[in-house]
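Reader: Hi! Could you walk me through this structure with me at the bench?
Author: Happy to, here it is.

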Amino acid sequence: MKIKRPRYIESLKNRMGNGLVKVITGIRRSGKSYLLFELFYGYLLETGVERDSIISIALDDEKLSELRDPSRLLEFIQQKTPDPSQKYYLFLDEIQYAISEDELKHPNKPLRIYGVLNGLLRNLNIDIYVTGSNSRFLSTDVMTEFRGRGDEIHVLPFSFSEYMQAFDGDIYHGWAEYVTYGGLPLVPSLKTDEQKSTYLKSLFKETYIKDIIDRNKIRKSAELDDLVNILASSIGSLTNPHKLSSSFKSIYHSDVSEQTIANYISYLEDAFILCRANRYNVKGRKYIGTPNKFYFEDVGLRNARLNFRQMEENHIMENVVFNELRYRGFNVDVGVVEKRSVTERTYYEIDFVANKGSQRYYIQSAFEMSDAEKREQETKSLESVSDGFKKIIVVKDVVKPYYDEKGILTIGLFDFLMDSSWM
């Protein structure tokens, strides 16, 4: 089944002809190539672009191996774009194949492939789109190399609403599958629980972790494995390298330096395994620093890492809401609200402060809100914010969306995930 990804297509449409290289980033197997070569390619054809105006080059294809040499690639592109008055669209998939081993040994020297693409930008009739990620060269590196000449479109695994396009069943069973196996595009096509769990566990170990080890030349991979397990066991909890170092000592009786832990976390972030949520003082309008929270780019990978134990749905739901906000294009922080009295200071936490341009939302993820005490607990931090931005509590229960007397919207999880018009 062809899964439509309209948000990403809209992002690409909005960037067409902007004079920059469009760099599609994301975790491996998140559907970057499919987005470009199938969905966006199809959109261009539907809008009347001729096939010979779209130059699609998959550099991982052995049949095109000669084009991995940047000079030959440039010659090929020039042959395919002979008319300066015609608009062309250049798709380059797996760009790292055009980077030689010798170039990787000299990271301070400009890469030839980027010289080629930056040169092509001078041809205003050529619109360039690229993807790339493996242990040699992550899509974060691709973005960095363009130094102001690149425009990033970050692709996440399927959101819940995208996942439901492929799921043959009701929304409740769809949710049960999604919070267990996540949204990597291949997962919905796998038929059995065994196939899904085996795929995710193998992918984590044989692709993501192996890439990180190879790329960063890690000798003690057991420490990296242990760190991933600790972070997977505590998604949405405040932590920092100092706390994690203490966990290593208490759980594994191992001394791992705080600097090593900080490095490993940065490797996991660069590979898009983890995403950091910084703490933001809402009233003071400043970032606080550590500790931070960490969420997984895909909850299925998180669960696979723990062999599908520790399936706390409340924490997984929080991770899903975090990723949904990012999918909608928001920058997401953890909110901290300070209240002072004559004798003491009290700090309240807001799960998420979501910002996009002039828009801001304060959001609580509440698995259940069954009584007045629980509701007071969830609303107290939101009521402590006096600005006029919208405040939302997302609950797992099926409820008719309603506003209370303080203007706080309470909405059911499925309404929130399936309908973005509430924001």
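Author: One term before we start: Ala, Val, Leu, Ile, Met, Phe, Trp, Tyr, Cys and Pro count as nonpolar, Asp, Glu, Lys and Arg as charged, and the others, Gly among them, as polar. Also, this is a predicted model.

Reader: Thanks! How many residues of each class are in the lining of the largest cavity?
Author: Eight are nonpolar, two polar and three charged.

Reader: And what volume does the largest cavity have?
Author: About 110 Å³. It is lined by 13 residues, and the closest to its centre are Pro157, Phe158, Tyr178, Glu297 and Asn323.

Reader: Which helix gives the largest share of that lining?
Author: Helix H14, residues 313-327, with four residues.

Reader: What about the second largest cavity, how much space lies in there?
Author: About 80 Å³. Its lining also counts 13 residues, with Arg28, Leu138, Tyr208, Asp211 and Ala271 the closest to the centre. Helix H9 (residues 193-216) supplies the largest share, four residues.

Reader: Switching topic: in what order do the strands of the open sheet come?
Author: The eight strands run S7-S6-S8-S9-S10-S11-S13-S12, with mixed pairing.

Reader: Why is one side of S7 and of S12 left without a neighbour?
Author: Strands S7 (286-296) and S12 (402-403) stand at the edges and each has a single partner strand, so one side of each has no neighbour in the sheet.

Reader: How many bridges join S6 to S7?
Author: Seven, and the two strands run antiparallel. One of the residues to look at is Arg279, whose bridge partner in S7 is Gly289.

Key. Residues numbered from 1 in each chain as written. Predicted model: local features only at pLDDT ≥ 70, side-chain atom pairs only at ≥ 80, totals over all residues. Heavy atoms only, no water. 1 Å grid on protein atoms, 1.4 Å probe; cavity = no way out; pocket = protein on both sides within 12 Å on 5 of 7 lines; lining within 4 Å. Points joined across faces, edges and corners; volume = space filled by probe spheres on them. Pairing = 2+ DSSP bridges.
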